[in-house]
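Welcome! Open your viewer, load the structure, and follow the stops below one at a time.

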Amino acid sequence: TVKNIVFIKNPELNFIKTAKMTCSIKLTTNIKPNDTVKIFGRLLPFKSAVDPCSFDQKQYYTLNDIDTTGIVFSVEKISTSQQFNIFNYIRRILTRNIIHKMGNNIGGVASALLTGDKSSISIRTRDVFIKSGTAHILAISGLHRTLISSIIYMFFFRLMLYLSCIFLWINPHKIAASITILLTFCYLALSGFSPSATRAFLMTTIGLISIMLGKGVLSMRNIAFAAFVILLFDAGLLYSVSFQLSFSAVTVLIAFYETYQNRINKIQYK
């Protein structure tokens, strides 16, 4: 996905307008993030909400400071960016290796799940996910973050547990939680700081901090604090469907667990 400042020129009206747009292009070997490119295509207006309280595409992109969208027919690189981002470089290398080993169809889905790069997914595959209602799986969010964080935490917790027998000052929970926060932040940077991944990282981090402080992880206070922190940096996310659905789902799950916690524990220890 290309999100950059572009110049729109109309020869008939003889004007140049500076705007910010979003469009999609296939992964190429010549174009890298922050490169200056010349795009030939067609601009398209954003769609407003059809029904009240339904998704408003125009409002969503306006809150993200994006003016328009479009279809790209051809891309020409003008100059190469001098900025070097180690995480972008690693993500490109991983994506290309995955596609090279697994092919375009399977590799495109695998790279979306692992690195967050969805540019290699074919239109046909994308339509299949959309029609089946499982397109959200392709975005790195709470499911991926929970699995990765759990694996990292349990690995280092077991390791610190054995070391604590030798070094009595080691607290397995605190050290494992600290390492997990650091490594999951690196994975967040590797995946490109997408909104869903950032939101999941903040919620996971708050849960790990609760473990370090000896507090309960599954708590309405943690969810409320995570929402407060996210909205503090970007209040426009309150109108985002992904924000509303993710927090609604987590809130319902925690409310269900807190309501039936005693019954669940009785069943678990029978």
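The tour goes from the whole fold to a helix, then to three single residues and a cavity.

**Stop 1: the whole chain**

Before you start clicking, keep in mind that this is a predicted model. Switch to a cartoon view and look for 10 helices and 4 strands. If you trace the chain from its beginning, the elements come in the order β-β-β-α-β-α-α-α-α-α-α-α-α-α. The protein has 270 residues, and 30% of them count as buried. Now think about contacts between residues at least 6 apart in sequence: 59% of these join residues at least 24 apart.

**Stop 2: helix α2**

Select residues 86–102, which form helix α2. How far apart are its end C-alpha atoms? They are 24 Å apart, and this agrees with the expected span, because 17 residues at 1.5 Å a residue should also cover 24 Å.

Next, show the side chains of Asn 88, Arg 91, Arg 92, Thr 95, Ile 98 and Ile 99, the buried residues of α2. They cover an arc of only 135° around the axis, so they sit on the same side of α2. A general rule helps here: an α-helix has 3.6 residues a turn, so residues three or four places apart point the same way.

What covers these buried residues? Colour α3 (104–114) and α6 (172–190), which are among the elements that cover them. Then rotate to the face of α2 turned away from its buried side, where you will find the exposed residues His 100 and Lys 101. Finally, click on Gly 103, which follows α2 and has a positive phi, near 90°.

**Stop 3: Arg 91**

Stay in helix α2 and pick out Arg 91. Is Arg 91 buried or exposed? Its relative accessibility is 13%, so Arg 91 counts as buried; the cut-off for buried is under 20%. Leaving out residues up to four places away in sequence, Arg 91 touches Thr 115, Ala 189, Leu 190, Ser 191 and Gly 192.

**Stop 4: Tyr 153**

Move on to helix α5, residues 142–163, and select Tyr 153. This residue counts as buried because its relative accessibility is 11%. Which residues does Tyr 153 contact, apart from its neighbours within four places in sequence? Show His 173, Ala 176, Ala 177, Thr 180, Leu 208 and Ile 211 to see them. You can also draw a distance line from the C-alpha atom of Tyr 153 to that of Pro 172: the two residues are 19 apart along the chain, and these atoms are separated by 9.9 Å.

**Stop 5: Thr 69**

Now for a strand: select β4, residues 68–79, and find Thr 69 in it. With 18% relative accessibility, Thr 69 counts as buried. Setting aside residues up to four places away in sequence, Thr 69 touches Met 21, Thr 22, Arg 42, Leu 43, Leu 44, Pro 45 and Phe 46.

**Stop 6: the cavity**

How many cavities of 30 Å³ or more does a search of the whole structure find? The search finds 1. The largest cavity holds about 60 Å³ of space. To see its lining, select Tyr 60, Leu 63, Asn 64, Asp 234, Gly 236, Leu 237, Tyr 239 and Ser 240. Try colouring these lining residues by type: 4 are nonpolar, 3 are polar and 1 is charged.

Technical notes: Residues are numbered from 1 along each chain as its sequence is written. This is a predicted model: local features need pLDDT of at least 70, side-chain atom pairs count only at pLDDT 80 or more; totals for chains, interfaces and linings use all residues. Side-chain values use heavy atoms; hydrogens and water are left out. On a 1 Å grid over the protein atoms alone, a cavity is a set of points where a 1.4 Å probe fits but cannot get out, and a pocket is an open set with protein on both sides within 12 Å along at least five of seven lines; lining residues have an atom within 4 Å of a point. Grid points are joined across faces, edges and corners, and a volume is the space filled by probe spheres set on the points. Ala, Val, Leu, Ile, Met, Phe, Trp, Tyr, Cys and Pro count as nonpolar, Asp, Glu, Lys and Arg as charged, and the others, Gly among them, as polar. Helices (H or I, at least four residues) and strands (E, at least two) are DSSP runs, numbered from the N terminus. The expected span of a helix is 1.5 Å times one less than its number of residues. Buried means under 20% relative accessible area, exposed over 50%, partly exposed in between (1.4 Å probe, protein chains only). The arc is that of the directions from the helix axis to the C-beta atoms. Contact means heavy atoms within 4.5 Å.
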